[in-house]
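Me: Got a model open and want to talk through a few bits of it. Can you take a look with me?

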Amino acid sequence: MGMEGIGARVARKEDKRFITGAGRYVDDMVVPGMKHAAFVRSPYAHADIRKIDIKAAEKMPGVIAVLTGKELKADGIGNLICGWMIHSKDGSPMNMGAWSPLAVDRVRYVGDAVAIVVAETKGQARDAAEAVAVSYKEKKAVTDAVAALKSGAPQLHPEAAGNLIYDWEIGDSAAADKAIKAAAHVTTMHIVNNRLVPNAMEPRAALGHYDKAEDHYTCWTTSQNPHVARLVMSAFYNVAPENKLRVIAPDVGGGFGSKIYIYPEEIVCLWASKKSGVPVKWVADRTESFMTDAHGRDHVTEVKLALDKDHKITALKVDTIANFGAYMSLFSSAVPTYLYATLLSGQYVIPAIHCNVKAVYTNTAPVDAYRGAGRPEATYVLERVVETAAREVGVSPAELRRKNFIRSFPYQTPVIMNYDAGDYETSLNAAMKAADYAGFEKRREKAKKAGKLRGIGMSCYIEACGIAPSAAVGSLGAGVGLWESAEVRVNAVGTIEVLTGSHSHGQGHETTFAQLVSQRFGVPLDQVSIVHGDTDKVQMGMGTYGSRSGAVGMSAIHKALDKVETKAKKIAAHLLEADEGDIVIENGELKVAGTDKAVPWFQMALSAYTAHNLPEGMEPGLKEGAFYDPSNFTFPAGCYICEVEVDPDTGQTEIVQFVAADDFGNIINPMIVEGQVHGGIAQGVGQALLEGCVYDAGSGQLVTASYMDYTMPRASDLPSFKVSTSNTPCPSNPLGIKGCGEAGAIGSPPAVINAITDAIQNNDLAMPATPQKVWAALKAATRH
Amino acid sequence: MSEVSMVVNGRRVSGTVEDRTLLVHFLRENQGLTGTHVGCDTSQCGACVVHMDGKAVKSCSMLAAQASGSEIVTIEGLANGADLHPVQAAFKEHHGLQCGFCTPGMIMAAVDMINRHPGGLDEKTVRAELEGNICRCTGYHNIVKAILAASQTMAKGKGKTKKAA
């Protein structure tokens with residue numbers, strides 16, 4: 001390992017601009033002639049639009065244009081789509097309702113966009129938006145997915161009878177039923193995974209610029225995957241053909257999934273720019289973000305876990321209802337199916353698994369992937385039911401897990417996944433040691449004397465990252481391939497640019513990707529630049545989500561580096577009059593192994609471009625590209641232990657210890673990996689203790705629409721975390737990387753709830769475990 | 001319209017703004033100082049923290065007119081030329097930022113916090129003092145670490161700046 005190579009704890013290159021206020025986010029962009037947009041949004045959860053009167057708004061000061069859905073449709077702009085086809089168990093395709101970027105005749109959730117106002121200033125645009133008179137006929141709304149399935153429930157889309165999008169299953173129902181019937185013990189639970197709002201700190205924004213001279217569009221947008229945005233806007237929304245549309249995602253202030261999707265606003269800003277003849281910028285305020293960013297989770301699940309007399313798990317049966325909101329967001333259909341049910345085997349040998357999922361329309365914001373996407377929901381179901389089963393049969397939760405661990409790899413689960421490698425016991429042991437699990441009962445006694453209820457809970461999670469290979473996901477319904485691209489350009493002076501289809505919005509790619517290059521060629525980090533986030537610079541890419549940038553994005557770079565290395569060695573061999581096979585790259589030089597004959601890296605690069613003395617037939621230049629399509633998912637796994645103290649008088653929970661032991665395979669920069677885990681845990685603890693998105697059931701109004709109403713985790717809500725990693729290299733990619741971006745959010749919620757329910761000795765506790773809920777559960781427990 | 005005049009990062013500036021213009025919008029739009037961010041609309045997140053007459057304020061919660069006549073320091077004015085302020089250096093060294101959006105406000109709040117605690121800080125105090133700043137990326141772990149480290153550096157050097165890394 002070099003000072004700046006793979007495994008080095010290098011401080012981030014990108015930090016300089018962020019700590020000096022020089023970062024460039026979409027809202028910081030200024031284009032000559034740029035004007036500002038505000039959207040007119042539905043105040044109702046469900047209503048017919050009778051009439052839209054824009055006359056008064058058009059006369060307001062500074063107003064340039066007021067545009068509605070009718071004009072949008074007349075210009076042929078298409079409906080938003082979900083890009084992953086799921087078939088119901090009866091073979092029928094999912095029932096996708098139409099989603100117009102601007103609603104034309106009906107609104108289906110509070111915040112549904114109806115019109116756009118473009119004006120000289122943001123304030124003027126907002127004033128005029130309030131003057132747009134929309135006549136609504138309010139309809140009955142339904143916000144709860146279970147209620148939406150009942151007969152007589154308000155119906156959202158004519159395409160989806162009974163609000164049912166699909167009724168899907170995986171696994172062997174009969175085998176699971178049989179094993180449950182024959183079981184020595186069956187644990188049954190009703191589990192709710194609370195709805196969350198992702199809340200990246202940078203609100204979504206879009207700047208659309210139509211250039212009349214070139215008949216060309218540019219869109220600056222807060223996107224995790226600008227190339228996918230360009231592809232979808234071209235292929236499906238008819239905004240502009242790909243060669244006429246440039247999408248730029250500059251510095252992006254956090255994503256967590258919510259910035260994967262293509263939303264109505266960027267489509268409408270581009271269209272409105274052409275329509276009004278001015279560049280149009282829109283920036284969401286926080287309440288708009290709460291109302292219209294894709295939300296996460298919102299599952300209601302019934303689960304049964306069967307054990308034999310030796311406490312071996314024999315079956316798992318899961319029945320889930322997933323709330324999709326008012327429209328199917330881009331990736332939504334895959335979340336409660338292939339990212340959820342396929343992970344239900346967890347770290348355990350479970351011979352029979354069956355899962356049924358009903359996806360349902362409701363009058364709420366669209367729901368899609370949020371950090372973890374399906375895998376936190378699966379982990380929560382499994383790790384709550386396993387912990388509960390251990391308590392019911394009276395064995396240690398750790399030992400029940402240990403007894404059922406998968407120990408031989410590759411392991412084929414009954415729900416598609418083929419785990420390539422893992423060592424779950426090592427993580428379990430590391431976490432138990434770090435948490436002093438053995439000493440817990442003493443701490444519990446001590447806390448009791450101080451009037452506190454202390455509890456401990458664990459969670460052994462597995463996740464699947466680097467969703468791939470493309471042919472496999474295609475066969476499961478994905479509308480795109482899930483490879484990644486890279487191009488490595490060695491300049492004539494030896495400095496290097498890496499163009500990547502991955503996108504960094506906090507992950508530190510400018511540092512870690514450069515470390516990969518530095519490791520390979522011995523070039524200092526400051527001579528390596530990472531270029532990303534611009535479809536005019538990087539030809540194609542699939543972006544960053546699902547912890548894929550390491551496993552897939554860096555593997556593409558690795559592949560391109562292989563090609564560069566091969567050519568560089570050929571050039572060096574020619575210059576040194578040596579055999580290509582004898583050339584090694586060390587300390588910035590290409591050397592003939594075992595001799596003092598060497599050519600500096602920069603001189604080799606210069607030779608590639610002067611082309612005065614290249615091997616016979618070799619093209620000048622040194623630039624190579626690669627597309628990398630993984631051979632399998634990767635399977636990060638680990639064990640999290642949470643220890644809490646509950647104040648019995650107030651129900652207040654304090655996390656007194658949080659331990660994470662993760663197996664991410666090989667690690668490029670441990671400092672960045674730890675940071676990813678910290679952030680993930682904070683979001684998971686947020687879900688468990690604080691965060692819950694609430695819609696009023698009657699009116700469909702979003703009750704939690706600001707930071708005054710939705711409890712974001714703050715510094716005082718969290719402890720410092722004890723994190724460690726073990727490294728079982730992933731055999732499915734050349735770097736042995738598994739991915740680390742989502743683990744914290746996946747593993748932590750069940751650990752927290754298992755700890756609190758242990759403390760209060762009542763297992764009936766729903767997230768978020770607010771003091772009120774904990775206090776009530778405690779009182780209910782002590783009444784028994 | 002209001003006439004406003006103030007010293008921003010050591011430079012006297014003035015402008016004519018709508019009465020309702022917030023300080024943050026005057027800084028971002030009139031002065032082009034886009035390092036100060038807007039993350040919420042309810043003075044909860046702290047991405048907009050700047051210093052007014054030496055104290056941390058949320059620039060989204062006051063009018064530009066209210067700041068007229070005062071001295072403002074934004075994140076762009078914190079470093080001494082190429083020399084980072086010790087809090088900036090500590091955020092980098094301890095990986096106290098990821099996406100960078102909350103970072104300017106975090107750093108400005110942290111500088112104010114350290115100034116208000118000349119006797120030093122402990123973890124509990126730092127966490128309590130960060131009540132008005134939300135970060136969604138870091139889980140605060142490394143932010144707390146960075147502030148504690150910067151507090152020590154500043155106590156030793158009495159605010160001397162550290163060479164940019």
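Reply: Sure. Keep in mind that this is a predicted model. A place to start is helix α8 of chain A, residues 264-276, which has 13 residues and reaches 17 Å from its first C-alpha to its last, close to the 18 Å expected at 1.5 Å a residue.

Me: OK, and how many of the 13 residues of α8(A) are buried?

Reply: Ten of them are buried, so α8(A) is largely enclosed by the rest of the structure.

Me: Which residues of α8(A) are the buried ones?

Reply: They are A:P264, A:E265, A:E266, A:I267, A:V268, A:C269, A:L270, A:W271, A:A272 and A:S273. To count as buried, a residue needs 20 or more other C-beta atoms within 10 Å of its own.

Me: What follows α8(A)?

Reply: A:G277 does, and its phi is positive, near 80 degrees.

Me: Switching to strands. Is β13 of chain A mostly covered or mostly open?

Reply: Mostly covered. Strand β13(A) spans residues 299-307, and seven of its nine residues are buried.

Me: Which strands does β13(A) pair with?

Reply: One is β8(A), residues 185-193, which pairs with β13(A) in the antiparallel sense over nine bridges. Another is β14(A), residues 313-325, also joined to β13(A) by nine bridges and running antiparallel to it.

Me: Give me some residues to click on. What's the bridge partner of A:N193 in β13(A)?

Reply: That's A:H299. For the β14(A) side, try A:V303, whose bridge partner there is A:V318.

Me: And the hairpin of β13(A) and β14(A), how many residues sit between the strands?

Reply: Five residues, and in that hairpin A:H311 takes a positive phi near 70 degrees.

Me: New topic: the sheet with β22, β23 and β24 of chain A. What's the strand order?

Reply: The order is β22-β23-β24, an open sheet of three strands with antiparallel pairing. The edge strands are β22(A), residues 583-586, and β24(A), residues 598-600, each pairing on one side only. From one strand to the next, the twist averages 25 degrees.

Me: How many bridges join β23(A) to β24(A)?

Reply: Three, with β23(A) covering residues 589-592 and the two strands running antiparallel. Among the pairs, A:K591 has A:A598 as its bridge partner in β24(A).

Me: Which helix packs on that sheet?

Reply: Helix α16 of chain A, residues 548-576, touching β22, β23 and β24 of chain A. The direction of α16(A) makes about 55 degrees with that of β23(A).

Key:
Residues numbered from 1 in each chain as written. Chains lettered and ligands numbered in written order. Predicted model: local features only at pLDDT ≥ 70, side-chain atom pairs only at ≥ 80, totals over all residues. Helix = DSSP H or I, 4+ residues; strand = E, 2+ residues; numbered from the N terminus. Expected span 1.5 Å × (residues − 1). Buried ≥ 20, exposed ≤ 12 C-beta atoms within 10 Å, placed from the backbone. Pairing = 2+ DSSP bridges. Axes fitted to C-alpha atoms, helices over the stretch in contact; angles between N-to-C directions. Contact = placed C-beta atoms within 7 Å.
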